[in-house]
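Got the sequence and the model open side by side? Let's walk through them with a few questions and answers.

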Amino acid sequence: MFDFRKAKLEIHGDERGSLVVLDPFSLPFRIARVFYMFETGACVRRGCHAHKSCNEFLVCTSGSCKILLDDGHQKEVILLDRPDEGLYVPCNLWREMFDFSSDAVLMAVADQPYDENDYIRNYQEFREYYRI
Ligand code: TYD
């Protein structure tokens, strides 16, 4: 069963503009880390990994990019092009980010600190780790 969720985030808006909050009410986990990618080349493919246990929530806060999610059986490409939409990416999905617009800022919030040992960067290892 393919599992991904593109979530609509509540906008707190008034005549001054819009504000979105990421907190325990809007996320499926507690935030341990935030990082973001910007000035990504148009032909660049980032990510290309899965995780052993770290879950992430992605928001393209500016511009747009595409996220390929792969559970080992099915692949799905999701367009992120709104600052009030996010994508929950559980650890067990292979993900690739591509087609970044020149103004794209892709923010990732994660439920664990950075640990290179949590990464699975080889597709065959990903399938073996999750017994797919
Ligand atoms: P990398 O994992 O290669 O990015 P991608 O998701 O595109 O595969 O990360 C790029 C560099 O940033 C690499 O040297 C590791 C470092 N980095 C950290 O130090 N902390 C972090 O939380 C992240 C995500 C990356």
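Before we start, a quick sorting rule: Ala, Val, Leu, Ile, Met, Phe, Trp, Tyr, Cys and Pro count as nonpolar, Asp, Glu, Lys and Arg as charged, and the others, Gly among them, as polar. Keep in mind that this model is predicted.

Q: How many nonpolar, polar and charged residues are in the shell around the ligand?
A: Start with who is there: Arg33, Phe35, Arg46, Gly47, His49, Tyr114, Tyr119 and Arg121 surround the ligand. Now sort them with the rule above, under which Phe and Tyr go with the nonpolar set, Arg is charged and Gly is polar. That gives 3 nonpolar, 2 polar and 3 charged residues.

Q: Which residue has a polar side-chain atom 2.7 Å from an oxygen atom of the ligand?
A: Let's check the polar partners one by one. Gly47 uses a polar backbone atom, 3.0 Å from a ligand oxygen, and Arg121 has a polar side-chain atom at 2.9 Å from a ligand oxygen. The side chain with a polar atom at 2.7 Å belongs to Arg46.

Q: How much of the ligand's exposed area does the protein bury?
A: Picture the ligand taken alone, when it exposes 530 Å². Put the protein back, and the buried part of that area is 58%.

Q: Which element gives the largest share of the shell around the ligand?
A: Two elements give two or more residues to this shell: strand E4 (33-38) and strand E5 (46-51). The largest share is 3 residues, and it comes from E5.

Q: Which strands are the edge strands of the open sheet?
A: The sheet has 5 strands, paired antiparallel, in the order E8-E7-E10-E5-E12. Inside that order, E7 (65-70) and E10 (94-98) are joined by 5 bridges, with Lys66 partnered to Phe98 in E10. An edge strand pairs on one side only, and that fits E8 (75-80) and E12 (119-120).

Q: Which strand supplies the largest share of the largest nonpolar core?
A: This core has 16 residues, and Leu58, Ile67, Leu69, Leu80, Leu87 and Leu106 touch the most other members. E6 (56-62), E7, E8, E9 (85-89) and E11 (105-110) each supply at least two residues. The largest share, 3 residues, comes from E7.

Q: Is Asp84 buried or exposed?
A: Asp84 sits in the loop between E8 and E9. Its C-alpha atom is 6.0 Å from that of Lys8, although the two are 76 residues apart along the chain. Buried means under 20% relative accessible area. Asp84 has 3% relative accessibility, so it counts as buried.

Terms used
Residues numbered from 1 in each chain as written. Predicted model: local features only at pLDDT ≥ 70, side-chain atom pairs only at ≥ 80, totals over all residues. Heavy atoms only, no water. Pairing = 2+ DSSP bridges. Helix = DSSP H or I, 4+ residues; strand = E, 2+ residues; numbered from the N terminus. Near = heavy atom within 4 Å. Polar contact = N/O pair within 3.5 Å; in protein donor to acceptor, adjacent residues only side chain to side chain. Areas by Shrake-Rupley, 256 points an atom, 1.4 Å probe, with all protein chains shown as cover. Core = buried A, V, L, I, M, F, W, Y, C linked by side-chain atoms within 4.5 Å. Buried < 20%, exposed > 50% of the residue type's maximum accessible area, 1.4 Å probe, protein only.
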